[in-house]
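Thanks for making the time this morning. I would like to walk through one model with you, and I will put it on the screen before I say anything about it.

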Amino acid sequence: MLSRNLVLRILPIIAAFILQTPAIDADEKDGWTCQGGWWYDGDVQTTWPCTGDGSDDKDGESSGDKGSPCTDTSDENMPSGTYPRTCIETSAGTRCWYTYTPSGVVEGSTYPLVIDMHGGGGCASDSMAMSGWKSLADEENFIVIWPQGSGGEWGVAGSEWETVNSETLAEGGKTTFNAPDVSFLTSLISTTSAPINPERIYTTGFSMGCMMALRYLLEKSDIVAGAHCHGGYLVTPTAGTSITPNTGIGVYMTGGSDDDWYAMSSSQFNIWKDFSDPTCTESTTSYTLSGTKLTSSTITTCGSVSRLVVSGLSHVYDDRMAALAWDALKGVSRPGAEDDFGEREEVVVPIEEEEEGGKLDGGGGGGAAAEGRAMGMVWGAILGVSIFVFLG
């Protein structure tokens with residue numbers, strides 16, 4: 001039988017061992033690993049994105065039936081120290097976003113802002129991990145904001161929702177999701193404390209986030225200079241939109257030849273071209289992308305509007321698109337945009353966190369939760385050994 005003195009000596013060793021033992025990686029399954037937002041089969045990168053929740057969703061969207069790591073007001077994969085969260089009250093409840101400020105940003109200067117929106121059913125952290133805009137911000141020195149959709153979705157029909165929804169229902173479709181996201185994004189821009197250049201604001205997104213990026217440009221071209229849309233299209237009434245944006249806007253559309261969602265944007269190149277500059281000269285060329293696979297593409301350009309199609313790419317994120325879009329859009333600006341920002345909203349703490357004493361910039365709970373589980377293991381081990389000694 002172990003002596004009590006011996007037990008007291010070995011308990012700290014047991015605790016240290018438990019705290020230093022790595023947890024089983026939830027992003028490993030059946031020999032696959034989640035690295036940099038993509039599933040790897042051994043050393044081979046697949047075309048299937050991963051979101052960090054252990055799912056291998058092949059459509060590039062988060063898998064709702066396996067549980068989401070985010071809500072409208074929290075995202076466990078967004079560390080608060082790196083991506084501080086800001087929340088405001090809207091007509092649809094509390095809405096939040098996460099801001100990334102590169103280390104090259106200096107006090108007293110202003111910088112371009114890119115608003116990067118996740119796909120339908122997804123999380124802000126999905127775009128942070130997979131869109132390519134975060135690493136590009138470090139290189140090009142601009143600010144990135146990742147807003148969280150309402151219930152993981154976006155109100156992509158904007159002010160034309162009633163017409164779009166009635167047409168969809170008449171065709172036997174489901175009710176079109178509706179949320180006041182045009183006003184939410186405008187409030188985000190007017191409320192952020194980041195040192196943004198008001199004349200150089202751009203929206204981007206994947207899938208449903210792409211649709212929202214284009215919708216916001218359509219309705220708020222007095223504020224935003226340009227938009228990048230990957231894997232989606234502009235949602236409009238059947239007869240087309242009745243809204244006319246400002247001339248000189250920048251639009252960069254990207255997607256794959258095997259992406260049915262992106263195929264729906266094929267006729268919209270001419271619409272955006274006519275909005276931006278109907279006198280521009282159109283050209284189509286082949287373009288070789290970086291990397292070792294899916295490098296063949298074609299790009300059609302007219303003025304500040306472009307549409308790139310990647311041969312063989314399906315409906316997934318592609319972080320190569322960020323740099324291409326940025327090169328095309330960074331020279332487009334919107335003078336006088338700040339005049340249309342509107343009033344700054346009051347920053348709030350979500351009510352459920354007020355009740356728990358939460359902090360305003362709490363990104364999620366992943367780190368705290370992991371620490372709590374580890375400490376639970378330590379005290380469990382101590383309790384177990386203690387019972388063994390004193391009852392034995």
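Let me start with helix 3, residues 133–140, and helix 9, residues 320–329, whose axes come within 9 Å of each other and cross at roughly 45°. At that angle helix 3 is oblique to helix 9, and the crossing of the two is right-handed. Please keep in mind, here and throughout, that we are looking at a predicted model. Which residues make the contact between helix 3 and helix 9? On the helix 3 side they are W133, L136 and E140, while helix 9 contributes A322, A323, A325 and W326. Sorted by class, this contact of helix 3 with helix 9 has six nonpolar residues, no polar ones and one charged residue.

Next, the disulfides. A search over the whole structure finds four of them, and I will go through three, including the pair C87 and C96.

In that pair, the disulfide joins C87 to C96 with an S to S distance of 2.1 Å. The link of C87 and C96 is right-handed, with 105° about the S-S bond, and both C87 and C96 are buried.

Another disulfide joins C210 to C229, and for this one the S to S distance in the model is 1.4 Å. C210 lies in helix 6, residues 208–219, and C229 lies in strand 10, residues 226–230, so this disulfide ties together parts that are 19 residues apart in sequence. As for accessibility, C210 is buried, and C229 is buried as well.

Then there is the disulfide formed by C280 and C302, where the sulfur atoms are 1.9 Å apart. The torsion about the S-S bond of C280 and C302 is about 110°, and therefore this disulfide is right-handed. It links distant parts of the chain, since C280 is in the loop between helix 8 (268–276) and strand 12 (283–288), whereas C302 is in strand 13, residues 296–302, and the two are 22 residues apart. Buried or exposed, then, for C280 and C302? Both C280 and C302 are buried.

Let me turn to the backbone, and to two residues in loops. S207 has a phi near 60°, which is a positive value in a residue other than glycine. S207 is found in the loop between strand 9 (196–206) and helix 6. The relative accessibility of S207 is 5%, and because buried means under 20%, S207 counts as buried.

L294 also is not a glycine, and it has a positive phi of about 50°. The loop that holds L294 runs between strand 12 and strand 13. How accessible is L294, and what is its relative accessible area? The value for L294 is 27%, so this residue is partly exposed.

Finally, let me step back to the chain as a whole. Its secondary structure comes to eleven helices and 14 strands, and of its 392 residues, 48% count as buried. If we take the contacts in the chain with a separation of 6 or more, residues 24 or more positions apart account for 71% of them.

To gather the points I would leave on the screen: helix 3 and helix 9 make a right-handed crossing, the search finds four disulfides, and S207 and L294 each have a positive phi without being glycine. I am happy to take questions.

Definitions and conventions:
Residues are numbered from 1 along each chain as its sequence is written. This is a predicted model: local features need pLDDT of at least 70, side-chain atom pairs count only at pLDDT 80 or more; totals for chains, interfaces and linings use all residues. Side-chain values use heavy atoms; hydrogens and water are left out. A disulfide is a pair of cysteine sulfur atoms within 2.5 Å. Buried means under 20% relative accessible area, exposed over 50%, partly exposed in between (1.4 Å probe, protein chains only). Helices (H or I, at least four residues) and strands (E, at least two) are DSSP runs, numbered from the N terminus. Axes are lines fitted to C-alpha atoms, for helices over the stretch in contact, and angles run from 0 to 180 degrees between N-to-C directions. Angles under 35 degrees count as roughly parallel, over 145 as roughly antiparallel, 65 to 115 as roughly perpendicular and the rest as oblique. A crossing is left-handed if the near helix is turned anticlockwise from the far one by less than a right angle, and right-handed if clockwise. Contact means heavy atoms within 4.5 Å. Ala, Val, Leu, Ile, Met, Phe, Trp, Tyr, Cys and Pro count as nonpolar, Asp, Glu, Lys and Arg as charged, and the others, Gly among them, as polar.
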